[in-house]
Each structure stands twice: as structure tokens, then as C-alpha cells.
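User: I am new to this structure and would like a close look at a single part of it, the salt bridges. Please take me through them slowly, and say how far their residues are open to the surroundings.

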Amino acid sequence: MKLLYPTSLAVNTSLIEGFPTLTLHPYDPRADTIPEEHLDATILVTWCNSKPNLAHAKSSMPNLRWIQSLAAGPNDVLAAGFDLASVKVTTGSGLHDRTVAEHALGLLLNAARRFYEMRDYQVQCRWPSHLGGPQPDRPKDKFTTLRDANVLIWGFGNIAKTLVPYLTALGATVRGVARHAGVRAGCEVFTEESLGELLPKTDALVMILPGSEATRHVLNRERLGLLPKHAWVVNVGRGTSVDEDALVEALEGGEIGGAALDVFEVEPLPEGSKLWKAPNCVVSPHAAGGRPQDCEVLIVENLRRFLAGQELRNVVNY
């Protein structure tokens with residue numbers, strides 16, 4: 001039985017070896033085709049695969065039974081059109097929790113302490129006096145600190161659970177929004193029906209939603225209008241969850257405090273996008289994740305399940 005692993009990241013194969021009859025083989029996921037000698041593989045691990053590469057795998061690997069994507073959202077694999085009835089697809093959910101949570105925290109601190117504006121002044125060799133010296137402590141009409149700030153996380157999964165302790169350690173009050181209400185990671189989690197009450201009390205809204213038709217433009221003009229004028233929007237989920245035209249209008253009109261965005265509807269962000277020059281808008285080039293951590297642990301766990309005929313972890317059900 002062959003397992004193909006991508007050369008687009010460093011995989012410690014010594015942590016995967018040892019399964020009887022299993023052989024491990026590297027392949028270039030950016031090449032247009034899978035090597036002919038490996039088209040008989042049963043398992044394909046994907047990371048940053050090109051469209052032609054996945055298309056070739058779909059049409060030319062008759063023995064393929066399982067694809068382990070290392071991406072939290074394997075949209076590229078699903079878009080290739082594999083028959084999910086015969087090929088199981090599992091996601092890399094959990095491999096990016098710490099990196100994305102850390103990036104989200106950085107964007108929040110950037111927004112609160114206005115590091116982006118300090119950098120702009122530095123480039124001009126100018127001293128931003130208004131950002132230094134004596135400052136009001138926790139003004140109610142500005143987002144200047146995480147201490148006593150109301151942070152709302154929309155999309156309360158594993159990344160949110162990782163982010164919460166960072167925020168609470170800095171003194172923030174954290175609430176969540178998800179499909180089901182309850183208490184998770186010590187935070188009260190509400191359904192979207194409560195957004196009308198939650199958004200007006202929010203200092204920072206962190207979006208960590210997956211990309212799907214159900215989440216497309218859920219942060220729209222109406223909901224942006226519910227946020228206080230000092231509130232910031234941070235998006236480290238998927239760009240399609242935010243109506244970018246409505247967001248630009250809110251930024252240009254001073255209806256919200258700012259936005260720190262790591263994901264966009266079209267990537268790379270087009271040169272003509274108004275987000276580049278929108279007031280108080282921080283553009284991050286989809287840099288929150290991009291480095292799956294401890295992928296070997298997930299691969300090994302799923303290998304054991306696969307060989308035992310058990311349900312795989314993070315399996316995509318469509």
C-alpha cells in the first residue's frame with residue numbers, strides 16, 4: 001500500500017514509518033501530474049497542490065481511497081470533483097489552531113495599539129505625537145486595549161478555543177457565535193439569532209468562519225451597521241464571509257473603527273481593490289495559517305483508523 005506525501009513542506013517520515021505493507025513516497029504537489037510509477041497509490045496527502053495536479057490524481061489514480069488534506073478547509077480537493085463515495089477526504093482541522101490564533105491576537109493588538117499607523121509615520125520619518133505620551137485609560141468610545149474589551153468571536157471552533165485564553169489573559173471579555181448555543185472554553189456561545197443584541201456591545205469582532213454558501217456575506221451592511229463606531233473587524237476565517245463593498249463603505253464613512261483582514265474574496269487582493277487604501281484597514285496576505293503543525297500526528301492517527309476500517313478523524317461528509 002502506497003502513501004504519497006507532498007514535498008511542499010517538511011514531513012518527518014520517521015514518525016509515520018512502521019506500518020506493515022505501507023510504503024511512503026514523496027511527490028511534487030505543484031507539478032501538473034502525479035508520477036506515473038505512483039498512480040497506483042491508495043493514500044494521498046495534499047498541501048498546496050496545483051489544480052492540474054489534483055485533476056490528474058482524480059482521473060488517473062484508480063486505487064485511491066483516502067485523501068488527507070493538511071488544509072483546515074480542503075476546498076481545492078473538493079473542487080477537483082473526487083467521488084466522495086469511494087474516496088474519503090479528511091481535513092487538516094487542528095493543525096493551524098495555534099498559528100491562526102496567534103495571528104488573530106497580533107491583528108487585535110495591532111488595531112488596539114495602532115502599530116500600523118506608527119509604521120506609516122516611521123516610513124515618513126515623522127513622530128506621531130498623538131499616539132504617544134499621556135493617553136486616556138480605556139476610553140469607552142475607542143478600542144485601545146484588550147483589557148475590559150468585549151470581543152465577539154463568530155465561528156467558535158478549535159481556533160477560537162485556542163484564542164480565548166490569550167484574550168482572557170489580557171483582560172478581555174469573550175463571547176462566541178456558532179450554530180449551537182452553549183458554553184465552550186469557558187465562554188458563553190450564542191446563535192446568530194442573538195447578533196442583534198451582541199454586535200452593538202462589541203469592541204472587536206473576530207471572524208473565523210469557514211467558506212460556504214451558508215456563510216457568504218454574513219457580515220453584511222446591516223450587521224456592520226449594528227457595530228459601535230469604534231469597533232474593529234478582524235477576519236482570519238474566509239474572505240467570502242464578509243461583504244467587502246459594504247465593509248469599504250463602513251470604513252470610508254467612519255461607521256466602524258477599522259478592519260484587520262487576513263483573507264479576501266479574491267486572493268491575491270486585486271490591485272484595484274478599495275481595501276488597500278481604506279481608512280484604518282490592515283491588509284495581511286493570508287498569513288495566519290500556512291504552516292500545518294504536527295501533521296505527522298494526524299496522519300498516523302488516521303492511518304491507524306484507516307487500516308482498522310474505523311471512521312477517520314476530520315472526515316468530510318457531503
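Analyst: In this predicted model, Glu 265 is partly exposed, with a relative accessible area of 28%. Its side chain meets that of Arg 216 in a salt bridge, with 3.5 Å from N to O. This pair links distant parts of the chain, since Arg 216 sits in the loop between β10 (204–207) and α7 (221–224), while Glu 265 belongs to the loop between β12 (258–261) and β13 (281–283), and the two are 49 residues apart. Arg 216 is also partly exposed, at a relative accessible area of 41%, which falls between the 20% limit for buried and the 50% limit for exposed.

The structure holds 9 salt bridges, and another of them joins the side chains of Glu 301 and Arg 313, at 2.9 Å from N to O. Here Glu 301 lies in helix α9 (residues 295–308) and Arg 313 in the segment after α9, so the bridge ties together parts that are 12 residues apart in sequence. Glu 301 is partly exposed, its relative accessible area being 24%, and Arg 313 is likewise partly exposed, with a value of 33%.

Salt bridges can also share partners, and in this way Asp 137, Arg 138 and Asp 148 are joined into one network. Within that network, Asp 137 forms a salt bridge with Arg 138, and their closest N and O atoms are 2.6 Å apart. Asp 137 is exposed, with a relative accessible area of 56%, because the term applies to values over 50%. Arg 138, at 28% relative accessibility, counts as partly exposed.

For the wider setting, an unreviewed UniProt entry annotates residues 105–288 as "domain: D-isomer specific 2-hydroxyacid dehydrogenase NAD-binding". Over residues 105–288 the chain is 26% helix and 17% strand, and the C-alpha atoms at the two ends are 10 Å apart.

Helix α1 (residues 51–60) offers a view of burial in another element, for Asn 53, Leu 54, His 56 and Ala 57 are buried there. These four cover an arc of only 160° around the axis, which puts them on the same side of α1. On the other side of the helix, Lys 51 and Ser 59 are exposed. The cover over the buried residues of α1 includes β2 (23–27), β3 (43–46) and α2 (75–79). At the N-terminal end of α1, Ser 50 acts as a cap, with a side-chain oxygen 3.1 Å from the backbone nitrogen of Asn 53.

How values were computed:
Residues are numbered from 1 along each chain as its sequence is written. This is a predicted model: local features need pLDDT of at least 70, side-chain atom pairs count only at pLDDT 80 or more; totals for chains, interfaces and linings use all residues. Side-chain values use heavy atoms; hydrogens and water are left out. A salt bridge is a side-chain nitrogen of Lys or Arg within 4 Å of a carboxyl oxygen of Asp or Glu. Buried means under 20% relative accessible area, exposed over 50%, partly exposed in between (1.4 Å probe, protein chains only). UniProt positions are given in the numbering used here, feature names are shortened, and annotations may be inferred rather than shown by experiment. The arc is that of the directions from the helix axis to the C-beta atoms. Contact means heavy atoms within 4.5 Å. A polar contact is a pair of N or O atoms within 3.5 Å; within protein, one must be able to donate a hydrogen and the other to accept it, and residues adjacent in sequence count only if both atoms are side-chain atoms.
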